[in-house]
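Reader: I would like to go through this model term by term, asking in each case what justifies the word that is used. Could you set the values against the cut-offs as we go?

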Amino acid sequence: MEENIILKISTRIKEIRRERNTTVQELADLAGVSKGLISQIENNRTVPSLMVLIDIISALEVDLNQFFKDISANSQLSPVIIKRKSEYESFEKEQALGFLYQRIFTKTFKNSTVDIVLLELEPNATRPMVVTEAFEYKYILSGKVDYTFEDQTYSLSDGDSMLFDGRLPHTPKNTSDQKAIMLIIYFFEQNGNSTTK
């Protein structure tokens, strides 16, 4: 389905790389991009430009038609899209211990992609600072979370929300002894430019 195209691309890249026992660094070297960019693409933190995507697929030595065989948009989508809780897709992100991500929707519009995710944070869940090539909206459904940026920390509780540029290094921490749950909406803009951070 259309809303899953970006996710399918990132997942397919990761699957093929692992099938070929290629490291992230090796793929980055072959594609002429940075290791960080490959990691961001595989973890759905950035949307690659078309040229970068083609370079990555070529580096994986996969035919373009074969790569995109099962990745197609459905032009007959209903104006109302429903996804049941049982259909949410769990996924992992790099170096994130105690983080349970569940993808609700990914939807691509003309020049942007919206990715809606539920994140459950276990007490003392840890992750290094990360950057995302998107604006991020966070809404705390339950629990308490400290969001740390390079020079400041913001404390959020049930019902609090925030919006920020994901290119600012950031990381959340569950500051209580109870699980924290938040709704996250990522807004990716596809402007043809791609970062290699």
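Author: What follows is a series of questions about terms, each answered from the structure shown, which is a predicted model.

Reader: What does the chain consist of, in terms of secondary structure, and in what order do the elements run?

Author: The chain has five helices and nine strands, and from the N terminus on they run α-α-α-α-α-β-β-β-β-β-β-β-β-β. Of the 197 residues in the chain, 45% are buried, and about 10,800 Å² is exposed, with carbon and sulfur atoms supplying 50% of that area. Among the contacts with a separation of 6 or more, 69% are between residues 24 or more positions apart.

Reader: Why is Asp 115 called buried?

Author: The term buried requires a relative accessible area under 20%. Asp 115 has a value of 1%, so Asp 115 counts as buried. The residue is found in strand E3, and, residues up to four places away in sequence not being counted, Asp 115 touches Asn 44, Arg 103, Phe 105, Thr 106, Ile 184, Ile 185, Tyr 186 and Phe 188.

Reader: What makes the pair of Asp 115 and Arg 103 a salt bridge?

Author: A salt bridge asks for a side-chain nitrogen of Lys or Arg within 4 Å of a carboxyl oxygen of Asp or Glu. The closest N and O atoms of Asp 115 and Arg 103 are 2.8 Å apart, and therefore the pair meets the criterion. The pair links distant parts of the chain, with Asp 115 in strand E3 and Arg 103 in strand E2, twelve residues apart. Arg 103 is likewise described as buried, because its relative accessibility is 1% and the limit is under 20%.

Reader: How do you know that the side chains of these two residues also make a polar contact?

Author: The cut-off for a polar contact is a pair of N or O atoms within 3.5 Å. The side chains of Asp 115 and Arg 103 are joined by a polar contact of 2.8 Å, and that value lies within the cut-off.

Reader: Which other salt bridges can be named, and are their residues buried or exposed?

Author: The structure holds five salt bridges, among them one in which the side chains of Glu 42 and Arg 17 meet at 2.5 Å, N to O. Glu 42 lies in helix H3 (residues 35-42) and Arg 17 in helix H1, so this pair ties together parts that are 25 residues apart in sequence. Both of these residues are buried. Another of the salt bridges is formed by Glu 136 with Lys 138, where the closest N and O atoms are 2.6 Å apart, and here too Glu 136 and Lys 138 are buried.

Reader: What makes a set of residues a nonpolar core, and which residues have the most contacts inside the largest one?

Author: The residues have to be buried, of a listed nonpolar type, and joined through side-chain atoms within 4.5 Å. The largest such core has 22 residues, and those with the most contacts inside it are Leu 121, Tyr 147 and Met 182. Strands E2 (97-108), E3 (112-126), E5 (145-149), E7 (161-165) and E9 (180-189) are the elements that give two or more residues to this core, and the largest share, five residues, comes from E9. A second, separate core of 19 residues includes Ile 9, Ile 13, Leu 37 and Val 52.

Reader: Why is Phe 135 called partly exposed?

Author: Partly exposed covers the range between the buried limit, under 20%, and the exposed limit, over 50%. Phe 135 has a relative accessible area of 36%, so the intermediate term applies. Phe 135, placed in strand E4 (residues 135-142), forms a nonpolar surface patch with Leu 163 and Phe 187, and together they have about 290 Å² of accessible area.

Reader: Why, then, is Asn 124 called exposed?

Author: Asn 124 has a relative accessible area of 60%, and because exposed means over 50%, the term fits. Asn 124 lies in strand E3 and has a positive phi of about 65° although it is not a glycine.

Conventions. Residues numbered from 1 in each chain as written. Predicted model: local features only at pLDDT ≥ 70, side-chain atom pairs only at ≥ 80, totals over all residues. Heavy atoms only, no water. Patch = residues over 30% accessible without salt bridge, like charges linked within 9 Å, V, L, I, M, F, W, Y side chains within 5 Å. Areas by Shrake-Rupley, 256 points an atom, 1.4 Å probe, with all protein chains shown as cover. Helix = DSSP H or I, 4+ residues; strand = E, 2+ residues; numbered from the N terminus. Buried < 20%, exposed > 50% of the residue type's maximum accessible area, 1.4 Å probe, protein only. Polar contact = N/O pair within 3.5 Å; in protein donor to acceptor, adjacent residues only side chain to side chain. Contact = heavy atoms within 4.5 Å.
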